[in-house]
Amino acid sequence: MSRLFSLALLASSVVAQAPTVTTVYSSGSTQSRYDIVILGDGYQIQEQPRFNQDVQTLLTSLFQKQPYATFANYYNVHTVFRASVDSGADQPDVTPPIYKNTVYDATYNTGGTARCLYIQNTAQALADAALAPANEGRVLVMVNDSRYGGCASTFAVSYNGSSMAEVQIHEMGHSLGGLADEYDYPNQTYSGGEPSSPNITTSPTGQKWAHWHGTEGVSAFQGAGYYLYGLYRPKNNCLMRTLGVILCPVCREQISIRTNAVVNTIATFSPNTTNVSVSTPNQQIFSITHFVPATNNPVISWEVDGVPVTGANGPAFLLDSSTMSLGPHTVAVNVQDQTTQVRNDPAHAMRETQTWQVSINDPTAAQLRIPSFSMSQVWAQPGQSITLNAQIVNDGPAAAGPFAVEYFATTNQNWTPQSLYLGADQINGLAATQQLNLQRTVQLPWSLEPRVYYVYAVVDRADAVYETNENDNQRLSAFVGQTGPCGTHLEFVDPLTCPYDANSVPVATGGVVHPTVVAPCAVGSYYLVVWGCSGTTPGTPIAPGLTVPLNRDFCTDLGLIGLNGTWFANFFGVIDAQGLGRATFSLPANTGLQATPGHFAAMLMDAGGFSAVTNPVAITLQ
Ligand SMILES: [Zn+2]
């Protein structure tokens with residue numbers, strides 16, 4: 001027979017045996033429940049009724065056993081039946097060996113253990129299991145053979161003789177519960193580390209299940225996990241050790257937790273969207289239904305913004321928006337299953353939570369926000385110009401009056417009043433739903449350091465506009481400052497002023513500003529900051545090719561007379577190790593001075609005389 005012909009035969013036989021998919025046990029939606037899939041191997045087409053009967057026998061037994069009885073309403077069971085050519089399973093360990101043509105190729109003596117009945121065509125089994133409406137990775141295979149056997153790995157496999165249900169539920173302990181075998185083999189001593197399985201331990205006192213000590217005879221019994229010595233089990237006997245007995249409390253707890261980790265016990269919730277908008281002062285009802293059995297004593301609790309609401313323990317909760325601040329909040333409800341099957345639940349599998357994001361708005365309020373903010377470049381040098389692009393939007397139902405959009409640079413991710421001020425855009429107003437694209441070019445300070453700078457755009461920092469949410473008014477961007485070329489510059493380093501060369505000090509109340517010489521290549525040189533009140537041109541020549549951009553006048557003399565005194569502290573000094581000359585101008589209140597526009601400028605001196613002059617910066621007494 002040609003290979004092509006044999007492939008064609010195989011294909012036609014597969015088509016002839018199209019599988020039957022049936023939901024045999026339904027508790028609810030596949031999204032909310034734990035879905036189990038059962039396959040059959042070694043059932044001929046006329047044996048499908050036997051398969052169906054075997055499944056019913058298993059389910060009847062399963063839901064009579066704890067913890068499955070308690071959580072019977074948490075499972076769906078689907079079957080996928082594909083007929084086999086032969087009846088039964090391979091028995092390679094008998095004489096003569098028996099080989100059967102079955103869909104998943106089940107065989108005894110898997111791995112050399114006579115009673116280990118497992119399937120070899122796992123790819124076909126996975127493909128068939130995927131035909132079910134859903135499964136949680138838990139696939140059982142019933143094998144139509146009367147020889148005792150079963151094994152579990154990816155699949156839980158059992159024969160269909162008289163102990164079928166016991167074997168299959170034991171195997172589910174492995175696959176669903178993540179449990180170890182509690183039986184032992186003679187004369188074996190364990191010498192490994194602590195097993196990860198929850199139901200066996202190297203601890204002779206059974207610390208792992210200390211919370212069950214004394215219940216139903218739970219203690220620590222030597223002999224478990226295939227070793228007679230060195231491993232301990234929780235109870236003298238358990239289905240994970242011997243067929244025909246109940247699962248011990250430790251095993252039941254694990255199966256309960258693993259089931260509940262998948263199941264969502266909150267069946268319905270209202271509003272049935274997780275984003276809820278409430279207009280103050282309206283009230284909003286939140287409610288749920290759940291299917292935790294009443295015998296498990298479920299406790300419902302409601303929280304607003306993470307804080308439990310005293311007395312709110314029913315299925316419905318009334319939120320009074322008039323008692324809450326405008327803006328985003330959370331409402332959450334917890335359903336805590338208090339089943340006696342579980343005592344230790346660190347991951348809170350037995351608690352189901354539904355959370356709503358609730359936005360409380362005032363129909364009379366605007367809502368300013370910065371949906372995007374970016375900068376023209378990632379790298380920048382001292383004194384370089386960068387362009388800031390900010391998008392401003394008013395999401396609120398009401399128009400916003402005048403406000404400012406301000407820009408700050410900081411060296412950490414928190415904006416403080418000490419941050420570098422990069423300027424502001426004054427906006428006359430913004431209608432409801434209106435959007436505005438702002439572009440602003442700013443010059444970075446000469447004293448910029450080589451490090452990461454964060455830049456904030458802040459809308460309405462002064463809270464001039466009444467907004468639904470005052471806590472979403474800023475957005476962050478960043479750039480990396482680089483070392484710049486040599487130069488000599490003067491600038492103010494005061495908060496909210498730097499790097500601007502315009503500043504003013506009120507004569508009535510006085511004030512302090514910090515003119516700072518930035519000369520990174522002149523560490524150790526002398527600097528002198530001077531004042532002038534009569535313009536910057538033509539300036540004052542001080543050496544060939546060097547002209548200070550100030551006209552000398554009475555302000556200049558006042559500064560030189562008071563040099564390094566109270567008003568003009570450190571106006572003469574030495575450029576420090578950071579390349580900065582840090583002067584301080586302190587104007588006392590009510591000196592009798594007139595309002596005066598003027599400038600500061602600085603010059604540098606070294607052993608050879610005057611070496612450089614700076615730009616002028618404006619200083620206005622007003
Ligand atoms: Zn057990």
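Mentor: Let us begin with one link: with -85° about the S-S bond, the disulfide of Cys-486 and Cys-521 is left-handed. This pair connects distant parts of the chain, 35 residues apart: Cys-486 sits in the loop between strand S27 (474-481) and strand S28 (489-492), and Cys-521 in the loop between strand S31 (515-518) and strand S32 (526-532). The model is a predicted one, in which local features need pLDDT of at least 70 and side-chain atom pairs count only at pLDDT 80 or more, while totals for chains, interfaces and linings use all residues. Residues are numbered from 1 along each chain as its sequence is written, and side-chain values use heavy atoms, with hydrogens and water left out.

Trainee: How many disulfides does a search of the whole structure find?

Mentor: A disulfide is a covalent bond between the sulfur atoms of two cysteines. The criterion here is a pair of cysteine sulfur atoms within 2.5 Å. The search of the whole structure finds three. In Cys-486 and Cys-521 the sulfur atoms are 1.7 Å apart, in Cys-116 and Cys-151 they are 1.9 Å apart, and from Cys-533 to Cys-555 the S to S distance is 1.6 Å.

Trainee: Which parts does the pair of Cys-116 and Cys-151 tie together?

Mentor: The handedness comes beforehand: with -120° about the S-S bond, the link of Cys-116 and Cys-151 is left-handed. Cys-116 lies in the loop between strand S4 (106-107) and strand S5 (118-119), and Cys-151 in strand S7 (residues 150-152), so the pair ties together parts 35 residues apart in sequence. Helices (H or I, at least four residues) and strands (E, at least two) are DSSP runs numbered from the N terminus. The link of Cys-533 and Cys-555 is also left-handed, with -100° about the S-S bond. Cys-533 lies in the loop between S32 and strand S33 (540-543) and Cys-555 in helix H6 (residues 554-561); the pair therefore ties together parts 22 residues apart.

Trainee: Is Cys-486 buried or exposed?

Mentor: Burial is read from relative accessible area: buried is under 20%, exposed over 50%, and partly exposed in between (1.4 Å probe, protein chains only). Cys-486 is exposed, because its relative accessible area is 56%. Cys-116 and Cys-151 are buried, as are Cys-533 and Cys-555. With the bonded cysteines numbered in sequence order, the pairing is 1-2, 3-4, 5-6.

Trainee: Which residues are the protein donors of the zinc ion?

Mentor: Donors are N, O and S atoms within 2.8 Å of the metal (3.2 Å for Na, K and Ca); water is not among the atoms, so sites may look incomplete. The protein donors of this zinc ion are Glu-182 (OE), Cys-238 (SG), Cys-248 (SG) and Cys-251 (SG), at 2.0 to 2.4 Å from the ion. Their spacing in sequence is E-x55-C-x9-C-x2-C. Within this set, Glu-182 and Cys-251 link distant parts of the chain, 69 residues apart: Glu-182 is in the loop between helix H4 (164-175) and strand S9 (184-189), and Cys-251 is in helix H5 (residues 249-262).

Trainee: Why is the arrangement of the four donor atoms around the zinc ion tetrahedral?

Mentor: The ideal angle for four tetrahedral donors is 109.5 degrees. Here the donor atoms subtend angles of 93 to 125°, which makes the arrangement tetrahedral (four donors count as such if all angles lie between 85 and 135 degrees). The relative accessible area is 0% for Glu-182, Cys-238, Cys-248 and Cys-251, so Glu-182 is buried, Cys-238 is buried, Cys-248 is buried and Cys-251 is buried.

Trainee: How many aromatic pairs does a search of the whole structure find?

Mentor: A pair of aromatic rings is described by the distance of the centres and the angle of the planes. Rings of Phe, Tyr and Trp (its six-membered ring) pair if their centres lie within 6.5 Å; planes under 30 degrees apart count as stacked, over 60 as edge-to-face and the rest as tilted. The search finds 31 pairs. One of them, Tyr-68 with Tyr-75, is tilted because the planes stand at 45°, with the ring centres 5.8 Å apart. Tyr-68 is buried at 0% relative accessibility, and Tyr-75 is buried at 2%. By contrast, the rings of Tyr-185 and Tyr-226 have planes at 15° and centres 5.7 Å apart, so this pair is stacked. Tyr-185 in strand S9 and Tyr-226 in strand S11 (residues 226-233) are 41 residues apart, and their pair links distant parts of the chain. Tyr-185 is partly exposed at 34%, and Tyr-226 is partly exposed at 36%.

Trainee: Which residues do ring pairs link into a cluster?

Mentor: The cluster consists of Phe-492, Trp-531, Trp-567, Phe-568, Phe-571, Phe-585 and Phe-600.

Definitions and conventions: Four donors count as tetrahedral if all angles lie between 85 and 135 degrees; four count as square planar and six as octahedral if opposite donors are over 155 degrees apart and all others between 65 and 115; anything else is irregular.
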